[in-house]
Amino acid sequence: MTEIAPVLHLSGVTKSYSVATDAVPVLRGVDLHLNPGETLALTGESGSGKSTLLHIAGGLETADAGQVRVAGQDLVPMTDTQRAAIRCKDVAVVFQQFNLIPSLNVADNIAFQARLAGRLDAQVVGHLVAKLGLSEQLTKYPEALSGGQQQRVAIARALAARPRVLLADEPTGNLDEGTSSEVLEQLLALVADTGAGLLLVTHSPGIAARMDRRLHLSRGQVA
Ligand SMILES: Nc1ncnc2c1ncn2[C@@H]1O[C@H](COP(=O)(O)OP(=O)(O)OP(=O)(O)O)[C@@H](O)[C@H]1O
């Protein structure tokens with residue numbers, strides 16, 4: 001049997017923040033892997049380091065030690081420029097606060113990362129727009145959208161770039177319960193279509209239960 005290569009593989013990842021003169025450890029040797037097409041929930045108490053771990057996995061922050069392999073490439077020894085290229089091409093992030101670009105309309109927001117990655121494909125975008133029910137919104141600007149619509153645009157933007165790894169930091173945390181479950185189901189269906197691996201940070205046991213696997217971060221380690 002051939003072994004599946006994980007799209008994301010962290011091993012022995014450590015990270016401390018300097019506070020005044022002290023180094024405060026947040027991650028103390030984190031190991032995790034995520035296979036293509038797999039969905040993984042990351043839970044943990046507030047301040048346990050979930051966002052830090054997600055940012056390290058996405059190359060937005062650097063680990064102090066260990067390996068962070070995205071699609072087989074270790075981000076840790078890379079220069080900022082090399083890491084930025086991986087971030088653009090292989091990883092996409094969906095944040096709780098949507099983070100759309102206010103000066104771009106919906107169509108241009110959706111195309112943004114795919115364009116940067118040199119991978120804009122009208123058919124892929126058309127599929128995402130249809131599945132997320134965004135066809136009436138394409139010429140609107142983010143300020144004219146509801147929270148649920150903004151998060152659907154952020155999901156379309158992330159997946160239009162056809163990333164190997166999708167990282168989501170409480171992606172439905174700013175939405176009401178009904179909208180949250182609709183957006184979550186749309187996200188999961190689209191992730192299944194693309195074969196990307198999804199690492200999703202959540203405080204919600206119900207959302208964690210919808211993922212294939214769950215990891216809990218506590219005292220700097222996952223189990
Ligand atoms: N840039 C920074 N400088 C100093 N300390 C930081 C920095 N970023 C995070 N921390 C600290 O690291 C710890 C982990 O933060 P992180 O945001 O990763 O936790 P979290 O589990 O995502 O929390 P929450 O569930 O509340 O969002 C916290 O104690 C936080 O104060």
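In this predicted model, helix α5 (residues 147–160) and helix α6 (residues 177–194) lie side by side, with axes that come within 10 Å and cross at roughly 10 degrees. Because angles under 35 degrees count as roughly parallel, α5 is described as roughly parallel to α6. On the α5 side, the contact is made by G148, Q151, R152, I155 and L159. Helix α6 answers with T179, V183, Q186, L187, L190 and T194. Sorted by class, the residues of this contact are five nonpolar, five polar and one charged.

Helix α5 also leads to the first of two sheets to be described here. Six strands form an open sheet with mixed pairing, and their order is β6-β7-β8-β3-β9-β10. The edges are taken by β6 (91–94) and β10 (221–222); each has a single partner strand, so one side of each is left without a neighbour in the sheet. Helix α5 packs on this sheet, where it touches β6 and β7 (165–169). The direction of α5 makes about 175 degrees with that of β6.

It helps to recall a general point before looking at individual strands. Strands of a sheet pair through backbone hydrogen bonds, and the pairing is either parallel or antiparallel. Within the six-stranded sheet, strand β3 (residues 39–44) pairs with strand β8 (residues 197–201) in the parallel sense, over four bridges. One residue to look for here is L40, whose bridge partner in β8 is L199. Strand β3 also pairs with strand β9 (residues 213–218), again in the parallel sense, and this pairing runs over five bridges. Here G44 has L217 of β9 as its bridge partner.

The other sheet is open too, and it has four strands in the order β2-β1-β4-β5, with antiparallel pairing. Its edge strands are β2 (22–34) and β5 (73–74); each has a single partner strand, so one side of each is left without a neighbour in the sheet. Strand β1 and strand β4 (residues 65–70) pair in the antiparallel sense over five bridges, and T14 stands opposite A65 in β4. Helix α1 packs on this sheet and touches β1, β2 and β4. The direction of α1 makes about 120 degrees with that of β1.

Strand β1 and helix α1 appear once more around the ligand. The ligand is surrounded by Y17, V19, V26, G44, S46, G47, S48, G49, K50, S51 and T52. Among these is G44, the residue already met as the bridge partner of L217 in β9. Both β1 (8–19) and α1 (50–57) supply at least two residues of the shell, and the largest share, three residues, comes from α1. By class, the shell divides into three nonpolar residues, seven polar ones and one charged.

Finally, the predictor's own scores can be set beside this picture. The protein chain has a mean pLDDT of 95, and 99% of its residues reach 70 or more. For the complex, the predictor gives an ipTM of 0.97 and a pTM of 0.95.

Key: Residues numbered from 1 in each chain as written. Predicted model: local features only at pLDDT ≥ 70, side-chain atom pairs only at ≥ 80, totals over all residues. pLDDT = per-residue confidence, 0-100. Near = placed C-beta within 6 Å. Nonpolar A, V, L, I, M, F, W, Y, C, P; charged D, E, K, R; others polar. Pairing = 2+ DSSP bridges. Contact = placed C-beta atoms within 7 Å. Axes fitted to C-alpha atoms, helices over the stretch in contact; angles between N-to-C directions. Parallel < 35°, antiparallel > 145°, perpendicular 65-115°, else oblique.
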